[in-house]
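Here's a walk through one protein model, going from a single strand pair out to the whole fold. Have the sequence and the 3D view open side by side as you read.

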Amino acid sequence: MADILTRICKQRELDVAEARAAASDEAVLAAARAAAPCLNLADRIAAVPCEELVVAAEFKRASPSKGDIACDLEIGAQVREYAEGGASVISVLTEPTWFKGSLEDLAAAREAADLFAAETGKPRPLVLRKDFVVDRYQVLEARARGADTVLLIVAWLETADRVRALLEVARSLGMEPFVEVASLAELRVALEAGSRVIGVNNRDLRTFKVDPDMTGRVVGELQRLSGGAAAAEATDAEDRLRGAAAAAVVFAFSGIKGPSHVRELRQSCGEVSPLRGVLVGEHLMRAGDARAEVAALRGAWPHKAAASVASAAELLASSEPGARSKICGVCTADDAVAAARAGASFVGMILCPGTPRSVGAEEAAAITASLRAFRETESSSLLGQARDRKAHMAARSFALVRAAARARPLAVGVFRGQGPSEVASLAAAAGVDVAQLHGSEDPSDAGWAELAVPIVKVIHVEVSPATEAAQAAAATRAAAAAPEAEAEAAVTSALAQARAWAPVASALILDTKIKGAAHGGGSGVSFDWRLARLLTEASGGELPVGIAGGLTPSNVRAAAEASGAFLVDVSGGVEASLRRKDGALVAEFCVEAGRARLQPE
Ligand SMILES: O=P(O)(O)OC[C@@H](O)[C@@H](O)c1c[nH]c2ccccc12
């Protein structure tokens, strides 16, 4: 007799044929396009605070391996429990014969999720159609009934082409699927197809055997594939696989029995890993208090380790050539979205009071919300663009978080002289992804290591006021060369600061400080860009180095090439007026930065 996966999928093919006879593809597609809007899975995952496990809670009345589990539960009430417990995703089994589900269940779950959001003002959990997708028709049906995402099972689809085709259908409707794998071979297929959210099924759907180590093995393989420097002779296909592996996030599916189980999984995957969430069915269907159980699962995530996930994620391979742009001093949501469209990797907001471009936490929260709502509509995205990615420091960049967020720029909060607890609360209130420290903060303060977001530390390079005018004039071409002795002193001082910050910072930015001025930054004056390259060399490339100070669309490319900086930071150089950016200048800046060749030929 055929295995259970084959029997179910064969039956699903018959079911689809029957549904198709009643409603054509065109009719269902039209219904899908007219359906209530969906939320994007990758965006939601990126928006969950990193000290929290992302929980997908499943509604499953029965299963072929367990028989009846909880046939009397009312779906609306159960979804409400899951949502109140803080589930990010509600998974709904819609297969009728073995799992006793239906598309009506899906619609009911969406309705309950909408009601929850309307009544509480909290974000709506996403709704997943959990089924055996054998045909694009089922993806359309899912969207038409209000689903935000679907499951694609590699064990059945088998080839990257088939997975890719269904991913494209889903993405064309705004949905980012979960792609289920149960072996390392299936993982490869999923990555080749361009999957972003991987569900590891610890249960083999053909034999029902549960292999508790499968999640750890998949995570290990992803780290192996994405790790290390890209070989110069790597083929495009290898590059793409590496990029996809670096960008993927992992959920553990099946057989999860509670918070202590999550902690074990966490241990077996290592502190720093792409494991980001779990999908739990039977355990929650049988739980007396599903709401409390979801909340307990969310918290089963050691805080310290979670913080390092965020920074490690950002330090993984990048798939983009050139230098990344940071558009700083953004004061409006419009300017943030324009920067995102222009391809900026970072959007900075000044979260310390008393500067001409300061914004309050509330203003900043509106700006970060607009960035989260922004999404790249092209499914090609950054992973398709893998080109020249030699073993430069820029390779250790922010690709994973960006890809998980579907290529939106990261929001950076800029602070000056504020302590870790103030930075932490402002960063949380503003919803920023990264904290940039501009003052003379104390690197030995233990609070920095506890921060939930990665730190970028600014190091000031002192420039003599005597040469200020000359440098300002030269800023459109190239920064004036520092005298030998001054350069040496600057590198020595920067190196000492870099060493002190290395344990807690994820990257450094060198910025100009006019000697005698109260603060560095914002001077519009450049320092000798070669110092950044000298610092990178002297520090053995421990932290990626970016540059700021006097950059403009016309000098940024030369600046990036002279400095080798992975990141180029601009504020005044792309402004239309104080607190407003000029969209054309922003676009030009990003393009020029991307053109830079960071490694000397
Ligand atoms: O109930 P569990 O053991 O927590 O498992 C949930 C989920 O992973 C499982 O239902 C599942 C995983 N992949 C599937 C594919 C189809 C149907 C069901 C599934």
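Let's start with one pair: Val179 stands opposite Ile198 in strand 8. Strand 7 (residues 178-181) and strand 8 (residues 197-201) run parallel, joined by four bridges. Strands pair here if DSSP finds at least two bridges between them, and the elements themselves are DSSP runs numbered from the N terminus, with helices being H or I of at least four residues and strands being E of at least two.

Before going on, a word on what you're looking at. This is a predicted model, in which local features need pLDDT of at least 70, side-chain atom pairs count only at pLDDT 80 or more, and totals for chains, interfaces and linings use all residues. Residues are numbered from 1 along each chain as its sequence is written.

**Two barrels**

Strands 7 and 8 belong to a closed barrel of eight strands that runs 1-4-5-6-7-8-9-10, with parallel pairing. Neighbouring strands of this sheet are turned by 25 degrees against each other on average, direction ignored. Helix 14 packs on the sheet and touches strand 1 and strand 10, its direction making about 150 degrees with that of strand 1. For angles like these, axes are lines fitted to C-alpha atoms (for helices, over the stretch in contact), and values run from 0 to 180 degrees between N-to-C directions.

There's another barrel, too: eight strands close in the order 11-12-13-14-15-16-17-18, again with parallel pairing. The twist there averages 25 degrees from one strand to the next. Helix 22 (residues 484-501) packs on that sheet, touching strand 15 (455-463) and strand 16 (505-514), and its direction makes about 165 degrees with that of strand 15.

Here are some of the parallel strand pairs, each with one bridged residue pair.

| Strand pair | Bridges | Residues facing each other |
|---|---|---|
| Strand 1 (residues 54-59) and strand 4 | four | Phe59 and Val92 |
| Strand 4 and strand 5 (residues 126-130) | five | Val89 and Leu126 |
| Strand 13 (residues 410-415) and strand 14 (residues 434-437) | four | Phe415 and Leu437 |

**Strand 4 and its surroundings**

How many residues of strand 4 (residues 89-93) are buried? Five of its five are, where buried takes 20 or more other C-beta atoms within 10 Å of a residue's own, exposed takes 12 or fewer, and partly exposed is in between, with C-beta atoms placed from the backbone. In a regular strand the side chains alternate between the two faces of the sheet. Strand 4 is covered on both: Val89, Ser91 and Leu93 are buried on one side, and Ile90 and Val92 on the other.

In strand 1 you'll find Ala57, which counts as buried because it has 31 C-beta neighbours inside 10 Å. The C-alpha atoms of Ala57 and Val92 are separated by 8.6 Å, though the two are 35 residues apart along the chain. Setting aside residues up to four places away in sequence, Ala57 touches Tyr82, Ala87, Ile90, Ser91, Val280, Leu284 and Val294; contact means C-beta atoms, placed from the backbone, within 7 Å.

Tyr82 and Val294 turn up again where helix 4 meets helix 14: Gln78, Glu81, Tyr82, Glu84 and Gly85 on one side, Ala290, Arg291, Ala292, Glu293, Val294 and Ala295 on the other. By class, that contact has five nonpolar, two polar and four charged residues. Nonpolar covers Ala, Val, Leu, Ile, Met, Phe, Trp, Tyr, Cys and Pro, charged covers Asp, Glu, Lys and Arg, and the others, Gly among them, are polar. The axes of helix 4 (residues 75-85) and helix 14 (residues 290-299) come within 7 Å and cross at roughly 35 degrees.

**A loop proline**

Pro553 sits in the loop between strand 17 (545-548) and helix 24 (556-563). Why does Pro553 count as buried? Because it has 21 C-beta neighbours inside 10 Å. Beyond its neighbours within four places in sequence, Pro553 is in contact with Leu585, Glu588, Phe589 and Glu592. Pro553 and Phe589 are 36 residues apart in sequence, yet 4.2 Å apart in space, C-alpha to C-alpha.

**The whole protein**

Zooming out, the protein has 25 helices and 20 strands. Buried residues make up 53% of its 601 residues.
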